[in-house]
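Subject: Structure handover

Hi,

Here is the structure I promised to pass on to you. Have a look at it first, and then read my notes below.

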Amino acid sequence: MNQQVEERINNVVSSIINCPPVDVQPEKHLYYDLLADSLMMIDLMLMLEQEFHINVKDEDLDNVNYVLDLYRLIDERCH
């Protein structure tokens with residue numbers, strides 16, 4: 001995945017979770033480190049769907065805990 005795509009994901013995450021984009025790092029846990037809650041995660045998925053013109057299933061959220069998981073999910077859906 002290229003850095004531009006990661007930056008786009010990071011910007012969406014930071015806007016939904018309301019944290020600085022520099023805090024959004026691949027190893028950060030979305031719930032424990034960035035303090036996302038379940039409603040934020042739903043909003044996050046909706047925004048990512050719009051940003052990347054993809055479809056994310058609800059069960060995909062079960063496998064997303066870290067920012068890196070988001071990178072992988074978007075990469076899979078875009079190819």
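One cut-off before anything else: a residue is called buried when its relative accessible area is under 20%, and exposed when that area is over 50%. Take Ser-14, which sits in helix 1: its relative accessibility is 8%, so Ser-14 counts as buried. Leaving aside residues up to four places away in sequence, Ser-14 touches Cys-19, Pro-20, Pro-21 and Val-24. Please keep in mind that this is a predicted model.

Now the overall picture. The protein has 3 helices and 0 strands, and the order from the N terminus is α-α-α. With 79 residues, the globule rule gives a radius of gyration of 12 Å; the protein comes in close to that at 11 Å, so it is as compact as a globular protein of that length. If you prefer box dimensions, the C-alpha trace spans about 30 × 25 × 20 Å along its principal axes.

How much of the chain is buried? Of the 79 residues, 39% are. Looking at contacts with a separation of 6 or more, 55% of them are between residues 24 or more positions apart. As for the outside, the accessible surface is about 5000 Å², and carbon and sulfur atoms hold 47% of it. On charge, there are 5 positive and 16 negative ones, and the mean positions of the two sets are 5 Å apart.

Back to helix 1, which covers residues 3-17. From first C-alpha to last, its 15 residues reach 21 Å, close to the 21 Å expected at 1.5 Å a residue. Its buried residues are Val-5, Ile-9, Asn-10, Val-12, Val-13, Ser-14, Ile-16 and Ile-17. And what covers them? Part of the answer is helix 2 (38-52) and helix 3 (67-78), which are both included in that cover.

Finally, two loop residues with a backbone angle you might want to look at:

- Asn-18 is in the loop between helix 1 and helix 2. Its phi is near 65 degrees, which is positive although the residue is not glycine. Asn-18 has a relative accessible area of 70%, so it is exposed.
- His-53 belongs to the loop between helix 2 and helix 3. Here phi is near 55 degrees, again a positive value in a residue other than glycine. At 72% relative accessibility, His-53 counts as exposed.

That's what I have for you.

Cheers

Conventions. Residues numbered from 1 in each chain as written. Predicted model: local features only at pLDDT ≥ 70, side-chain atom pairs only at ≥ 80, totals over all residues. Heavy atoms only, no water. Helix = DSSP H or I, 4+ residues; strand = E, 2+ residues; numbered from the N terminus. Rg over C-alpha atoms; globule rule 2.2 N^0.38 Å. Buried < 20%, exposed > 50% of the residue type's maximum accessible area, 1.4 Å probe, protein only. Contact = heavy atoms within 4.5 Å. Areas by Shrake-Rupley, 256 points an atom, 1.4 Å probe, with all protein chains shown as cover. Lys, Arg positive; Asp, Glu negative; His and termini not counted. Charge placed at Lys NZ, Arg CZ, Asp CG, Glu CD. Expected span 1.5 Å × (residues − 1).
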